[in-house]
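User: I should like to work through this structure by question and answer. Please explain each term when it is needed.

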Amino acid sequence: MATLSLDALSKTYPNGFKALHGIDLAINDGELIVVVGPSGCGKSTLLRMLAGLESISGGELAIDGRRVNDLEPAERDIAMVFQNYALYPHMSVADNMGYALKNRGVPKAERRRKVEETARLIGLEALLDRRPRQLSGGQRQRVAMGRAIVREPKVFLFDEPLSNLDAKLRVQMRIEIRRLQKRLGVTAVYVTHDQVEAMTLADRLVVMNGGHIEQVGTPMHLYERPASRFVAGFIGSPAMNFLDARRADGALALPCGTRIATSHEVHDDAVCLGIRPEHLSRVSEADDTTLTTRVELVEPLGADTLAHVRLDGQEEPLVARLDGVQPVAEGDTLYLRPDASRLHLFDLDTGRRLD
Ligand code: ATP
């Protein structure tokens with residue numbers, strides 16, 4: 001059990017590139033933190049600094065209140081699970097799992113007992129004598145997890161551990177990781193590109209952008225109240241739609257003539273209006289609260305239908321998530337009404353949330 005405290009952590013690589021600019025984050029005991037952000041935002045750098053695989057240029061890292069900046073990886077009581085598993089090919093599953101214990105000088109019988117106990121926990125009992133090449137991708141991933149669990153670390157770090165698995169297995173393993181992490185009560189930091197994985201796994205999400213943290217919060221908080229246009233566009237799938245609007249006379253006015261009544265405090269100025277695809281609903285007739293759009297592409301998903309539509313004069317297409325199977329085809333005219341209670345307003349220049 002452990003808390004992690006990151007205080008103004010920064011990283012400058014030897015070539016002078018500043019990859020992280022003062023990261024502040026307090027991670028609670030037993031919490032699963034998921035770090036997301038676009039490629040190059042510094043996720044792996046951060047994780048590697050926590051693990052001790054990358055030096056810390058500035059700030060302080062503490063585990064359970066103890067400064068660990070200068071401790072070697074092995075002294076930090078942290079286990080890392082990588083996407084490429086990093087298993088030893090010539091060793092059996094049992095030996096792979098027990099390797100760290102052997103290095104620590106744990107006697108053979110105790111090693112065996114711990115490995116078997118962990119194998120039972122994650123469903124690997126029948127595979128202990130196999131070599132990694134005799135395993136499926138999912139089984140290898142499980143061995144990599146088992147190897148981390150056996151060490152009983154205070155903190156687990158996951159670097160995109162599921163990215164080599166197929167879609168179905170990813171979902172299974174994701175559920176398994178969440179279940180195991182809660183059952184073991186370990187603190188964990190998990191890095192991923194996959195925002196569905198992030199939303200479903202995280203106790204709290206950290207959204208990074210360009211070496212800094214944009215927002216930290218529960219997945220639902222980030223979905224409902226994104227602090228910036230960047231977070232709004234990153235969390236939620238398909239992504240939020242953005243439109244130019246003016247706030248005037250108690251309403252939001254769009255260039256196409258649509259007016260949306262709003263409880264937001266209204267001044268006469270230009271804003272960026274965000275509407276999630278699921279907050280656009282189809283109506284049969286146009287009025288001054290609807291958007292008249294032309295359908296460019298339809299994606300029937302069964303439970304719902306994604307309509308990619310074009311609004312006159314708008315460069316970016318919009319996406320609407322419509323309930324169930326919809327009788328709609330490319331070229332159709334579609335009238336969409338935004339849900340006025342679920343709008344998001346952002347400053348046009350800074351991208352910050354306005355309410
Ligand atoms: P991805 O999702 O693509 O893995 P990431 O968010 O994990 O990206 P990092 O790997 O942490 O990003 O890299 C952050 C930034 O630091 C990038 O711009 C990268 O080019 C740079 N960087 C990473 N390693 C080094 C290095 N050894 N020297 C100089 N710059 C580096």
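Analyst: A residue is near a molecule or strand if its C-beta atom, placed from the backbone, lies within 6 Å of it. The model is predicted, and local features need pLDDT of at least 70, side-chain atom pairs count only at pLDDT 80 or more, while totals for chains, interfaces and linings use all residues. Residues are numbered from 1 along each chain as its sequence is written.

User: What pLDDT does the protein chain average?

Analyst: The term pLDDT is the predictor's confidence in each residue, from 0 to 100. In the protein chain, 98% of the residues score at least 70. For the complex, the predictor gives an ipTM of 0.97 and a pTM of 0.90. The chain's average pLDDT is 91.

User: Which residues come nearest to the ligand?

Analyst: The shell around the ligand holds 13 residues. Those that come nearest are Tyr-13, Ser-39, Lys-43, Ser-44 and Thr-45.

User: Which helix gives the largest share of the shell around the ligand?

Analyst: Helices (H or I, at least four residues) and strands (E, at least two) are DSSP runs, numbered from the N terminus. The largest share of the shell amounts to three residues. Their source is the helix spanning residues 43–51, namely α1.

User: How many residues of the shell around the ligand are polar?

Analyst: Ala, Val, Leu, Ile, Met, Phe, Trp, Tyr, Cys and Pro count as nonpolar, Asp, Glu, Lys and Arg as charged, and the others, Gly among them, as polar. The shell has four nonpolar residues and one charged residue. The number of polar residues is eight.

User: Which strands stand at the edges of the sheet β15-β19-β16-β17-β18?

Analyst: Two strands pair if DSSP finds at least two bridges between them. This open sheet has five strands with antiparallel pairing. Each edge strand has a single partner, so one side of it is left without a neighbour in the sheet. The edge strands are β15 (280–283) and β18 (318–323).

User: Which residue of β17 is the bridge partner of Glu-299?

Analyst: Strand β16 (residues 291–300) runs antiparallel to strand β17 (residues 304–311), and seven bridges join the two. The partner of Glu-299 in β17 is Leu-306.

User: Which residue takes a positive phi in the hairpin of β1 and β2?

Analyst: β1 and strand β2 (residues 18–27) are paired in the antiparallel sense over six bridges, and Leu-4 stands opposite Ile-27 in β2. The hairpin has five residues between the strands. The residue with a positive phi, near 95°, is Gly-16.

User: In which sense do β7 and β8 pair?

Analyst: Both strands belong to an open sheet of six, in the order β6-β7-β8-β3-β9-β10, whose pairing is mixed. Five bridges link strand β7 (residues 155–159) with strand β8 (residues 187–191), and Val-155 stands opposite Thr-187 in β8. The sense of their pairing is parallel.

User: Why is α3 described as oblique to α4?

Analyst: Axes are lines fitted to C-alpha atoms, for helices over the stretch in contact, and angles run from 0 to 180 degrees between N-to-C directions. Helix α3 (residues 108–121) and helix α4 (residues 137–150) have axes 10 Å apart and pack at an angle of about 130°. Angles under 35 degrees count as roughly parallel, over 145 as roughly antiparallel, 65 to 115 as roughly perpendicular and the rest as oblique. The packing angle therefore makes α3, relative to α4, oblique.
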